[in-house]
Amino acid sequence: MTATETALSTADLQLLAEAGGLAPSLHNSQPWHFRATPDLLGMEVHADLTRAVPAADPDGRALHISIGAALFNLRVAAAHLGREVAVRLFPAGEGTQPRAVLDLSAPARTSRPFGADLYPALTQRHSSRHPFANRDVPEALVGDLIAAAREEDVTLTLLEEHGVRRVLALTSEAEARIAADVTREAETRRWLRLEPSCDGIPLAALGSHDRDARVPMRGFAGHPPRHTTPAARFEALPQLATLTTHFDRQADWLRTGQAMERVWLLATVHGLRASVLHQAVEIPDTRWRLRDPVDGPAHVQLVLRLGYGPPGAASPRRRVEDVLDPPTAAG
Ligand SMILES: Cc1cc2nc3c(=O)[nH]c(=O)nc-3n(C[C@H](O)[C@H](O)[C@H](O)COP(=O)(O)O)c2cc1C
């Protein structure tokens, strides 16, 4: 350890792990765990494959997007701690653990390191599955969100009306196919939580469903929905954005997760709400048809719905001690 290197304290490690654990994940499965590097100058991000969602996500694409989001939160928390952050994805190759390593050995080079401004948004960001107002996201903010995704090597595209209608139709089709598939439907329902829990989707986080059946929110509560608040009128033309990548490797999924979280936290800072419409990405042929025909060979990784409306309720998280591994001895 050099003179400028300071080992992460137990409190630092807990703050980092807590921040990582606040990330969004498919069905709030939280498929990650974190471990300090043996020299206590960094943090490893591991996949927890016992928390996979196999019917919806057989290839682990959404699992890696979720881990990418946790990784971005760790970057933000490290900046908050005044550390310079260097990230390596898959240091031992794709498919191996750890999925990523953060080198936090150096102090931040500036007094306001990148990401520190996003720190308060970590606890303010929630999925909002409520109807949004008929109010456009200002163009300047759209530009900032696009730039934020681009910094992570991911393309964010705010869809024009014909694109929105195409994506809504494909999402409705996928939602109906998931509902008709006994295995998938049962898996989704298993993540709905009627009792207090440390994971899954609590009733309070469910929104209404669209009275006019135009905005196909995921049917966590079954078809027809049970336990939900009454149907409501949703925005006339939802503002949908896709996140796309050139390739479709595990590293691209981690990048997508980082971009999603960077965009979502920045949106939160500006009072914008978001939720994910992922159903069409989960079925190969609807995912294929999600591609913009004029957009070339981009792989659609995620659909985000953006807008102004009520905040979503917080969903529970696992305890820090359950996601932070005990330190290993320095070698
Ligand atoms: C890859 C991925 C897919 C998701 N798909 C959906 C979805 O189809 N419908 C939905 O309502 N939320 C979806 N979500 C949001 C999660 O359900 C949500 O992040 C999780 O329940 C935690 O809640 P929070 O975002 O409020 O912290 C998805 C999130 C991720 C990362």
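Modeller: A word first: Ala, Val, Leu, Ile, Met, Phe, Trp, Tyr, Cys and Pro count as nonpolar, Asp, Glu, Lys and Arg as charged, and the others, Gly among them, as polar. This is a predicted model, where local features need pLDDT of at least 70 and side-chain atom pairs 80 or more, while totals for chains, interfaces and linings use all residues. Residues are numbered from 1 along each chain, and side-chain values use heavy atoms, without hydrogens and water.

Biologist: Which class gives how many residues to the lining of the largest pocket?

Modeller: A pocket here is an open set of 1 Å grid points where a 1.4 Å probe fits, with protein on both sides within 12 Å along at least five of seven lines; lining residues have an atom within 4 Å of a point. Its lining has 4 charged and 11 polar residues, and the nonpolar ones number 17.

Biologist: Which residues are closest to the centre of the largest pocket?

Modeller: The lining counts 32 residues. Closest to the centre are Pro24, Ser25, Ser127, Arg129 and Trp264.

Biologist: Which domains give at least three residues each to that lining?

Modeller: The chain is divided by an automatic or database assignment. The lining draws at least three residues from each of domain 1 (10–121) and domain 2 (139–307).

Biologist: How many Å separate the centres of domain 1 and domain 2?

Modeller: In their contact (heavy atoms within 4.5 Å), each of the two domains takes part with 36 residues. Taken over C-alpha atoms, their centres are separated by 22 Å.

Biologist: Trp264 came up; which charged end sits over its ring?

Modeller: The rule asks for NZ of Lys or CZ of Arg within 6 Å of the ring centre and within 35 degrees of the ring normal. At 4.5 Å from the centre of the Trp264 ring, the charged end belongs to Arg125.
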